[in-house]
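Reader: Please take one part of this model and go through it closely. I would like the cut-offs stated along with the values.

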Amino acid sequence: MRKLIALVLVVAVLGSVAFLGFRVGPPPEISIAPAAEMIGRRTPVTVTVSEPERGVGKVTVELVQGDAVQTLAQADGDQSPAWAIWRSGTPNSELRFDVGKETIKNLEPGTATIRVSADRAGGMFWSAAPEVKQVELPVRLVPPTLQVMSTFTYVAQGGSEAVVYRVGESARRDGVRAGDRFFPGYPLPGGGPQDRFALFAVPYDLNDAGAVMVVASDAAGNEAQARFIDKFFPRPLRTDTIRLDDGFMQKVTTEIMTQTPSLADKGNLLDNYLQINRDLRMQNMAFRQEIAARTQPAFLWREPFLAMVNTAIKASFADRRSYLYNEQAVDQQDHLGLDMASTRADKVPAANDGVVVYAGYLGIYGNCVILDHGYGVQTLYGHLSAIDVKEGDKVTRGQPIARSGASGLAGGDHLHFEVVLHGLPVTPIEWFDSKWINDRLKLKLGGALPFGEKAQ
Ligand SMILES: [Zn+2]
């Protein structure tokens, strides 16, 4: 009987030793996800390794090109030892890194392999080879071809223009960059398969035409750039002073704060006003950038833009306003529209054919309508007393869409009118001017722009 017990014990011990000794973990699962299907200037890559049973150990990511091997990323995980049968290690490990010419100086065009090795949990006296997975990607270091087709590009600071250009087949993103602004390109209607155009502006606060260029980049981030501005007219911002008084601040803060529940009461009138003039103004601009993205890839208009008739211009585009309170400078903001005043609650006409993309209360603009005219061109109507359209409505040039008023950040009844290009307010007067549209847009875009044509 004792012999039998001893034998069972021996078998049990030998069995356990054999089990633990050879207890290797399952092979970890590896996934390699590059953000582009090629390597160029800088391609972000995410590598994930998972093994929930014994855990993920050391992971090494390398870039292999011929004999050259460079470590891209490394991580130490935690695997449970073979004898610790009650615990598991790190179930997942994620590595994020960039691969491309910006970080790997000796990168050559051709192909390159991203190789991932992940250690496999071993037994007490038996280890398993690491799990290896790799992907091969093309390496491209030359940008798409880019050829500017337009000539005579004359643009003023704060003004708009058009450019026609041709890109190579590898282009994935193209348009005009002006400082930190980007104006996307579109296929040129009626043009060849690689012909593109963009409506763009030199931002009102950018006085350097050298910062304006056509760009085209491929999936790997290689970017071609071309400068194309023939003449640039600097137009410095005008300066203006606004004197704040308690009556005005009381009127606007009460209305705007009740209409904008996200604003907290700062406890005093001036701070409440400044929160609106600064923070809410910035939030409203960010929201307008979202509205800009709702533009249609089509020219919805055929005639010059229309200004409100019989009005006096009370403020013009691109005024840098200093705000004084008790003779102290308390704020500075840019006014980027035309203020037009006539009689109270006067009819506000749609400046051109388009679609209503916003109709409602919008912070400093009060009751506000935004129309889309296609290819990034939108018009904004602020401080309205009444809105007669709703989102999605098609409107025609001259159609009354609202009544002027003094809602939002306004002292008296007037229309705040803006022409906006991909979210950036631009000089409206150009768009009212048939000759400007002909010379600056129609001559470049030709049949693509149905300007002056009869509606079908
Ligand atoms: Zn205004």
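Author: What follows is a close look at helix 5 and its surroundings, then a shorter look at the zinc site.

This is a predicted model, in which local features need pLDDT of at least 70, side-chain atom pairs count only at pLDDT 80 or more, and totals for chains, interfaces and linings use all residues. Residues are numbered from 1 along each chain as its sequence is written, and side-chain values use heavy atoms, with hydrogens and water left out.

Helix 5 spans residues 434-445; helices (H or I, at least four residues) and strands (E, at least two) are DSSP runs, numbered from the N terminus. At the N-terminal end, Asp433 acts as the cap, with a side-chain oxygen 3.0 Å from the backbone nitrogen of Lys435. After the helix comes Gly446, with a positive phi near 55°.

Buried means under 20% relative accessible area, exposed over 50%, and partly exposed in between (1.4 Å probe, protein chains only). By that criterion the buried residues of helix 5 are Trp436, Ile437, Arg440, Leu441, Lys442, Lys444 and Leu445. They lie on the same side of helix 5 because they cover an arc of only 165° around the axis, the arc being that of the directions from the helix axis to the C-beta atoms. Lys435 and Leu443, on the other side of helix 5, are exposed. The cover over the buried residues includes strand 9 (154-156), strand 10 (160-167), strand 14 (195-201) and helix 4 (429-432), where contact means heavy atoms within 4.5 Å.

The zinc ion is coordinated by His335 (NE2), Asp339 through two OD entries, and His416 (ND1), at 2.0 to 2.8 Å. Donors are N, O and S atoms within 2.8 Å of the metal (3.2 Å for Na, K and Ca); water is not among the atoms, so sites may look incomplete. The angles among the four donor atoms run from 51 to 155°, and the site is irregular. Four donors count as tetrahedral if all angles lie between 85 and 135 degrees; four count as square planar and six as octahedral if opposite donors are over 155 degrees apart and all others between 65 and 115; anything else is irregular. Along the chain, the donor spacing is H-x3-D-x76-H. Distant parts of the chain are linked here: Asp339 is in strand 22 (residues 338-341) and His416 in strand 30 (residues 415-421), 77 residues apart. Asp339 and His416 are both buried.

Conventions:
A polar contact is a pair of N or O atoms within 3.5 Å; within protein, one must be able to donate a hydrogen and the other to accept it, and residues adjacent in sequence count only if both atoms are side-chain atoms.
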